[in-house]
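Got your viewer open? Let's take a walk through this protein, one selection at a time.

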Amino acid sequence: NDLYNYTFVGLFGYIKNALIKNMHITGTEESYFNRPSSGSDDTNTKAYAILCGCVESSTIQDCSVSMPIFTNVSGHVGMLVGKNADVSGAPASVIERCSVQGTWRIRHKGIYGGILGYGYNAIIRDCYSLCNMSLQQDKTARIGAILGYAKTSSSARSVKIYNCYGYGKLTDDREKYGHATSQAAHFGAIA
């Protein structure tokens, strides 16, 4: 619960003009991103990931994450990267030859992506996601195997995805957990 008080959470919280290469994180215990019951919804400001909470003008190459995840936070959540910084004029971040695999249990609204949760001005190339993702509560969510959500202000600053694939099961299990399905959920195999 203490991690919820931080803005960017991951092995690396926030990186700028950096290179992360050949990092491989595996685990069999479920990794928790959990908010305290009194925690507020900070969908637009917080970013959580196993490798890096937020990247700015950085490159991540040949990295992987393999583990189950339970998330009960709003915000931008990714297995590899939570979000790419929305900084005007900054060079694009690049994520290439990376992979993620595991099972997600999602119990809160937010943006969830296997490789990248929230993207802006990023290039994702030669990556794959082997994840089963389950939405378990009546909340609005955007869920993608590669990318959860892409913000686009112009084609020059958009997210570009090349030679990537996502494989797994995306399920809407809200009724199974006793929740009505009155709010929209957006699922995508890639984004």
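Among contacts in the protein between residues at least 6 apart in sequence, what percentage join residues at least 24 apart? It's 83%, where a contact means heavy atoms within 4.5 Å.

Before you click on anything, know that this is a predicted model, in which local features need pLDDT of at least 70 and side-chain atom pairs count only at pLDDT 80 or more, while totals for chains, interfaces and linings use all residues. Residues are numbered from 1 along each chain as its sequence is written, and side-chain values use heavy atoms, with hydrogens and water left out.

**The whole chain**

Switch to cartoon view and you'll find zero helices and 24 strands. Both kinds of element are DSSP runs numbered from the N terminus: helices are H or I with at least four residues, strands are E with at least two. Now colour by burial: 49% of the 191 residues are buried. Buried means under 20% relative accessible area, exposed means over 50%, and partly exposed is in between (1.4 Å probe, protein chains only). Turn on the surface, and about 8,500 Å² is exposed, with carbon and sulfur atoms supplying 47% of it. Accessible areas like this come from the Shrake-Rupley method with a 1.4 Å probe; for residues, only the protein chains shown count as cover.

**Stop one: strand S14**

Select residues 99-106, which form S14. Two strands count as paired if DSSP finds at least two bridges between them. Add S9 (residues 64-66): this strand pairs with S14 in the parallel sense over three bridges, and Ser64 has Ser99 as its bridge partner. Next add S10 (residues 69-72), also parallel to S14 over three bridges; look for Phe70 opposite Arg105. Then bring in S18 (residues 128-135), which runs parallel to S14 and is joined to it by eight bridges. Val100 stands opposite Ser129 here.

**Stop two: following Ile124**

Select S17 (residues 122-125) along with S13 (residues 93-96); they pair in the parallel sense over four bridges. Ile95 has Ile124 as its bridge partner in S17. Now add S21 (residues 160-162), which pairs with S17 in the parallel sense over three bridges. Ile124 turns up again, this time with Ile161 as its partner in S21.

**Stop three: an open sheet**

Select S2, S7, S12, S16 and S20, in that order: they make an open sheet of five strands with parallel pairing. S2 (12-16) and S20 (147-150) stand at the edges with a single partner strand each, so one side of each has no neighbour in the sheet. The twist averages 10° from one strand to the next; axes are lines fitted to C-alpha atoms (for helices, over the stretch in contact), and angles run from 0 to 180 degrees between N-to-C directions. Inside this sheet, zoom in on S12 (residues 81-84) and S16 (residues 116-119), parallel over two bridges, where Val81 partners Leu116.

**Last stop: two loops**

Which residue sits in the loop between S3 (19-21) and S4 (24-26)? Click on Asn22. This residue has a positive phi of about 60° although it is not a glycine, and at 46% relative accessibility Asn22 counts as partly exposed. Now jump to Asp62, in the loop between S8 (59-61) and S9. Asp62 isn't a glycine either, yet its phi is positive, near 55°.
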